[in-house]
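Welcome! Here are some short exercises with worked solutions to help you find your way around a new structure. Keep the view open as you read, and try each task before looking at its solution.

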Amino acid sequence: MNVKPTKTQNLLLVCLLALVPVLADANTLERVRASNAFTLGYVPDFAPFSVEAADKASGYAMDLCLKIADRVKSELGLPELEIRYQPVSGVEQVSAVSSGKVDILCTPTAPTLERRKTVSYSVPIYTAGLSVVVRQDAPPALLNVLNGKVAHTGPTWRATINRGLSNQTYAAIAGGITDTWIRHQLRLLGVVANLVTVENTDAGLKLVADGKADAFFAERLMLNNLLSTHYPDANLILLERIFEYAPTVMTVDRDDEDFRLLVDTTLSEMYRSGEIEQAFDKHLGGASDTAKKLFKVYAIPD
Amino acid sequence: MADSSKKMSLMGLTTLVTVNMMGSGIIMLPTSMAQLGAVSLLSWIVTAVGSMAIAYCFSQCGIYCPRSGGLSAYTEEAHAKSGFFLCSYLYFLSLAIANVAVAISAVGYMTSFVPWLGSGAIPLFTGTVGLLWLTTVANFGGPGITGKIGAITVWGVIIPVAGLSIIGWFWFKPDLLVAAWNPNDLPISEAISKAIPLTLWAFLGMESAAQASDAVEDPKRTVPLACLFGTLGAAVVYVLSTTVIQGIIPNAELANSSAPFALVYAHMFNPTVGNIIMALAVMACVGSLLGWQFTLAQTAKMTADQGMFLKLFAKVNARNAPIVGMLVCGVLQTLLALSTISPNASAQFGKLVSLAAVTNLIPYVTAATGLLVMMHKAKVGVGIHLRNTTLLLVAVAYSLYALYACGTDAVFGGSLVLVFGYLLYGFLAKRFVGAAPTAGQP
């Protein structure tokens, strides 16, 4: 018997197949519509991106997420949509999104292919990167090297000032960038350096402030935040240069392309309208020229 | 001859030239070279040949032009009175600035023994000024005393640096040198071009023999020989010591050392020996400062003798030392040393130090070219003329390359200083109106 599938049967099959992912894992927009609530996940104490404040959260990433929530309201036609705030610990960032505990993780994270197996990502919202803090009175040779220039230009002759023990001490967070990386970057530029490792950003800044290290390498925004909160007059300065660029993103469900499209559309429009720049001014102390160039790179065209 | 005991011997002058050239630069040289790898040793071939050509030209000048005046006198042969003045002016300026920088470096090295010196801007300033005046006053005894002190401090170079060139071979491991050859995997041509600036200016100072011609015995013989031997000695010591050290200390460790000679002796013997070596190196550095302060005062004296600097620079005491001039230089340098007090001022002073290398190099070209006129006057044979001219071209080419390599900023500053010199000479020139031209034919 040779049964030819009818048009109706085909349609039914398509409908059934389309239901499969929904059955396996209810998608974000459906869940929001069903519960009439949009849950923003965030990592608390991650200033200036997301900080817990009463039963809400504030910060650069939270401002962006609220914009996304506005768009969800208008697209789903739910003006009374409830916005919930759900703190997420560092380790459960991925599972909170994949299990549907939160609809979006606002706090920026660095994407990896491994995590892409369980979750998906928005366009980048912030360019993290390796930066360096020095003391205000850092010698010009050290500043030159850290800014990617040769330590000393001009003739090197008997009169070239060498303070003898011009041995520099660099600090970095243990398990972060390595000794090899720093040596590879700086050796050719002609500076003698020792490397010490520290527990966290705070400890590194303290070493530089106390004069026990000459430069501390760590993530730019964390440095910026700690400098303004803990070291307002400690004579420490953060150099403009970013050594290694690392775009960071918001985490969304892997199985809802419509929601991801909504998120990326909101962010791209914010990039183009200058709203992101305003958020930078408000939370991150302004956008550098490089950051502004990257805004154009990150925004997806219409 | 009662007078000759107050003057310098050939040995004394050769020592002065060698120590002057190495100065404080040698102390860090192995570290800088190790940062590029042992491949940087190839750059010595270029720079040693060029420097020997310059030294040869100066020694020939010394033979054909035995009058007092050093580089400026050689310059006058081809470039007349204004050349004499500009040469002295540029060279004097170069030394006045460079000596302050050497003093600052010497204080930097001393901080490992006297930590107080490194504890801030005021201790650094105090140390620098103290050292400048110490080396000024030590020169009051005249050239004979300077030569004798130099004969002691030179051991600070001989033991750590020259000594290493000899005994270091017992600890030398060829495989370490091979491993250190090119740690950054640069193309050889690029590695050499990066290394040349490390060795290019290491020979500045070979002219100090000529500048001391007033203060040495039998200058017609002593000056040319001291210039040649001093440069040759420095070249041998530079090449041997920087080679052997890369075969004793693994590259990574050497490239990261702030006291490479102390490190190598600590490695060969024990840390105490390393500290002694460091102390000796500092002593040599101070010795070279003494030599340079002497050369500075001599340059001013010779120029004042020609009526081109203030007369006070020419006054000498019973021991043939131009004390008043030394005091004036000391005051001038104390003012320059004020730059150590603020970071901004030290950045500006750093620019002056680069500029000083330019004003040191311009006189090389003006003086060496004087040889062409000297040979013409002396009616030398075709063979000698050809040989000297060839080496002269090598010397000038090397000097021009060294000037070029000083970089835009330094050459820019040097040019402004040079042009300003023409204004100064404009005020002086009337003194020489009517005097018979001393050089050049109608």
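A residue counts as buried if 20 or more other C-beta atoms lie within 10 Å of its own, as exposed if 12 or fewer do, and as partly exposed in between. Bear in mind throughout that this is a predicted model.

**Exercise 1. A cysteine in a loop**

Task: Find Cys406(B) and decide whether it is buried or exposed.

Solution:
- Step 1. Start with the place in the chain: Cys406(B) sits in the loop that links helix 17 (382-405) to helix 18 of chain B.
- Step 2. Count the neighbours. Cys406(B) has 26 C-beta neighbours inside 10 Å, so it counts as buried, since the cut-off is 20 or more.
- Step 3. See who the neighbours are. Setting aside residues within four places in sequence, the contacts of Cys406(B) include Gly154(A) and Pro155(A) from chain A, along with Ser354(B), Ala357(B), Val358(B) and Val411(B).
- Step 4. Take one of these partners: Ala357(B) is 49 residues away from Cys406(B) along the chain, and their C-alpha atoms are 7.6 Å apart.

**Exercise 2. Where the chains touch**

Task: Work out how many residues of chain B are in contact with chain A, and which helices of chain B supply them.

Solution:
- Step 1. Count both sides: 37 residues of chain B are in contact with 22 residues of chain A.
- Step 2. Find the helices. At least two residues each come from helix 2 (25-36), helix 4 (70-110), helix 9 (188-200), helix 16 (343-378) and helix 18 (408-428) of chain B.
- Step 3. Sort the touching residues of chain B by character: 18 are nonpolar, 18 are polar and one is charged.

**Exercise 3. The overall build of chain B**

Task: Describe what chain B is made of and why it can be called as compact as a globular protein of its length.

Solution:
- Step 1. List the elements: chain B has 18 helices and zero strands.
- Step 2. Compare sizes. The radius of gyration of chain B is 21 Å, and the globule rule gives 22 Å for 442 residues; the two are close, so chain B is as compact as a globular protein of that length.
- Step 3. Add the dimensions: the C-alpha trace of chain B spans about 70 × 50 × 50 Å along its principal axes.
- Step 4. Look inside. In chain B, 55% of the 442 residues count as buried, and 83% of the contacts between residues at least 6 apart in sequence join residues at least 24 apart.

**Exercise 4. A helix that is not straight**

Task: Find where helix 4 of chain B has its kink.

Solution:
- Step 1. Check the length. Helix 4 of chain B has 41 residues, and a straight helix would reach 60 Å, but the end C-alpha atoms are only 34 Å apart.
- Step 2. Locate the bend: a kink of about 145° is centred on His79(B).
- Step 3. Ask about the surroundings. Of the 41 residues of helix 4 of chain B, 38 are buried, so this helix is largely enclosed by the rest of the structure.

**Exercise 5. Strands in chain A**

Task: Trace which strands of chain A pair with strand 5, and in which sense.

Solution:
- Step 1. Take stock: chain A has 12 helices and 11 strands.
- Step 2. Follow one partner. Strand 1 (residues 37-42) runs parallel to strand 5, joined by two bridges, with Gly41(A) opposite Leu105(A).
- Step 3. Follow another. Strand 5 (residues 104-109) pairs with strand 11 (residues 245-253) in the antiparallel sense over three bridges. Leu105(A) has Thr251(A) as its bridge partner there, while Thr109(A) stands opposite Val249(A).
- Step 4. Go on from strand 11 of chain A: eight bridges join it, antiparallel, to strand 6 (residues 119-135), and Val119(A) stands opposite Asp253(A).
- Step 5. Check the cover: five of the six residues of strand 5 of chain A are buried.

**Exercise 6. Positive phi angles**

Task: Compare the surroundings of Asp218(B) and Lys379(B).

Solution:
- Step 1. Note the angles. Asp218(B) is not a glycine, yet has a positive phi of about 45°; phi of Lys379(B) is positive too, near 50°.
- Step 2. Place them: Asp218(B) lies in the loop between helix 10 (208-211) and helix 11 (219-246) of chain B, and Lys379(B) in the loop between helix 16 and helix 17 of chain B.
- Step 3. Count neighbours within 10 Å. Asp218(B) has 13 other C-beta atoms there, so it is partly exposed, whereas Lys379(B) has 7 and is exposed.

Definitions and conventions:
Residues are numbered from 1 along each chain as its sequence is written. Chains are lettered from A and ligands numbered from 1 in the order in which they are written. This is a predicted model: local features need pLDDT of at least 70, side-chain atom pairs count only at pLDDT 80 or more; totals for chains, interfaces and linings use all residues. Two strands pair if DSSP finds at least two bridges between them. Helices (H or I, at least four residues) and strands (E, at least two) are DSSP runs, numbered from the N terminus. Two residues are in contact if their C-beta atoms, placed from the backbone, lie within 7 Å. Ala, Val, Leu, Ile, Met, Phe, Trp, Tyr, Cys and Pro count as nonpolar, Asp, Glu, Lys and Arg as charged, and the others, Gly among them, as polar. The radius of gyration is taken over C-alpha atoms; the globule rule is 2.2 Å times the number of residues to the power 0.38. The expected span of a helix is 1.5 Å times one less than its number of residues. The bend at a residue is the angle between axes fitted to the seven residues ending there and the seven starting there.
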